[in-house]
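Me: I have a protein model open and would like to learn how to read it. Could you take me through it one feature at a time?

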Amino acid sequence: MSNLIIAIVVAGIILGGPLTLFAVIKILARYFATPKAKIVALKDAPFAVVVDWDRESLPLEVFRVRVDFAELVRGGRSTSFSVTFADRASKKKSFALPIELNESDLAMIKDDKVDARTLKQSYFTIEIETADNQATRVRLPKRKVLETLKGEAFVPSSDVETLAPVKPDEWSLLTRVFPWRHAAAAAAAAAAIAPKAEAAEGAPKAAAAAAPQIADFVVTKVWIEPGCIVCDACENEAPDVFEVTSDTCIIRPNAPLGNALSIKAAAEGCPVNVIKYDTRPA
Ligand code: SF4
């Protein structure tokens, strides 16, 4: 296979001349000049991030690894956390970093009982920050991460240093499981059965108590502050309002703001908390 690729490259250079050579160099440089990242399970650690790069061609000093995860299950949920290395401990060679997550976050990440559509839209974003203030983002579909976490434990090569397990930075952990959405779903489910209960027991209060939640506010303005990590969660939640581009998120021109609860859900689900909105009472 590699012989075939080399043959194609050589043929391309001969036939295409300097322009082809330039394009090949650009593609190879782009591939090798960025660190790679993946999420794995190690023998003694259920969750670890492996960051891998070629030290010869890419002299990096990694000082922070950040993980964002968002999933649009009913109600929506997300988590975000980072591990920061002190200045002198920044990593100059590839490493496997076991991260000690709390049980609920680990269970959320490993939950495979989500429908196929949700799974297709669930992503991890790993951000690798270096001492020279460069950040590389690697996006991993949850489907692939689950396959890795459920498979055999990852065994790092001799080029990859296995670090001691660490907890996420105390200030970084931000887990959201939209509570109001759960309340609304529970109320809607109760409303569906309330009429029967009312008819059977003559209890009108049951129906009133079970009425689905309706927004008591109107959204008057929505905007995005700097820092979007292009995770797509807001566009999945409210596609009429949010548009995620290749490097940020924007509010669509003349976006309808009528679905206040959906906008609230998108803002609460934003892993980096950059969606802001103004309201007034309904
Ligand atoms: S604004 Fe927030 S939710 Fe939307 S894409 Fe950016 S980071 Fe994700």
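**Reading the model together**

Me: Happy to start! What are we looking at, and how many helices and strands does the protein chain have?
Reply: This is a predicted model. Its protein chain comes to nine helices and 13 strands. Of the 282 residues, 24% are buried.

Me: How far can I trust a prediction? Where is confidence lowest, and where is it highest?
Reply: Look at pLDDT, the predictor's confidence in each residue. In the protein chain the average is 82, and 76% of the residues score at least 70. Helix α7, residues 204–209, has the lowest confidence with a mean of 44, while strand β5, residues 95–98, has the highest at 97. Over residues 203–212 the pLDDT stays under 50, although the model has 19 contacts there beyond four places in sequence.

Me: Let's try a pair of strands. In which sense do β1 and β2 pair?
Reply: Strand β1 (residues 36–42) and strand β2 (residues 45–52) are antiparallel, with six bridges between them. They make a hairpin that has two residues between the strands. To find the pairing on screen, look for Leu42, which stands opposite Ala45 in β2.

Me: Now a helix. Why would residues a few places apart point the same way?
Reply: An α-helix has 3.6 residues a turn, so residues three or four places apart point the same way. Helix α5, residues 142–150, is a good case to try: Lys142, Val145 and Leu149 are buried there. These three lie on the same side of α5 because they cover an arc of only 60 degrees around the axis. On the other side of α5, Glu147 and Lys150 are exposed.

Me: And what do the buried residues of α5 pack against?
Reply: They pack against several elements, among them β1, β3 (62–71), α3 (103–110) and β7 (135–141).

Me: How do I judge a single residue? Is Val83 buried or exposed?
Reply: Count the C-beta atoms around it, with 20 or more within 10 Å as the cut-off for buried. Val83 lies in strand β4, residues 77–84. Val83 counts as buried because it has 20 C-beta neighbours inside 10 Å. Leaving aside neighbours within four places in sequence, its contacts include Arg64, Val65, Leu97 and Ile99. The C-alpha atoms of Val83 and Lys167 are separated by 7.5 Å, though these residues are 84 apart along the chain.

Me: Do you have another residue to set beside it? Where does Ala255 lie?
Reply: Ala255 is in the loop between β12 (249–251) and α9 (260–269). Ala255 has 16 other C-beta atoms within 10 Å, so it is partly exposed. Beyond its neighbours within four places in sequence, Ala255 is in contact with Asp240 and Val241. The C-alpha atoms of Ala255 and Asp240 are 6.2 Å apart, and 15 residues separate the two along the chain.

Me: Last one: the ligand. Which residues are closest to it?
Reply: Start with the shell of residues around the ligand, then ask which elements supply them. Here 16 residues surround the ligand, and the closest are Cys228, Cys231, Cys234, Cys249 and Cys270. The elements giving two or more residues to this shell are α8 (233–237) and β11 (242–244).

Me: How many residues of that shell are nonpolar?
Reply: The shell has 15 nonpolar residues, no polar ones and one charged.

Note on methods. Residues are numbered from 1 along each chain as its sequence is written. This is a predicted model: local features need pLDDT of at least 70, side-chain atom pairs count only at pLDDT 80 or more; totals for chains, interfaces and linings use all residues. A residue is near a molecule or strand if its C-beta atom, placed from the backbone, lies within 6 Å of it. Helices (H or I, at least four residues) and strands (E, at least two) are DSSP runs, numbered from the N terminus. Ala, Val, Leu, Ile, Met, Phe, Trp, Tyr, Cys and Pro count as nonpolar, Asp, Glu, Lys and Arg as charged, and the others, Gly among them, as polar. A residue is buried if 20 or more other C-beta atoms lie within 10 Å of its own, exposed if 12 or fewer, and partly exposed in between; C-beta atoms are placed from the backbone. Two residues are in contact if their C-beta atoms, placed from the backbone, lie within 7 Å. pLDDT is the predictor's confidence in each residue, from 0 to 100. Two strands pair if DSSP finds at least two bridges between them. The arc is that of the directions from the helix axis to the C-beta atoms.
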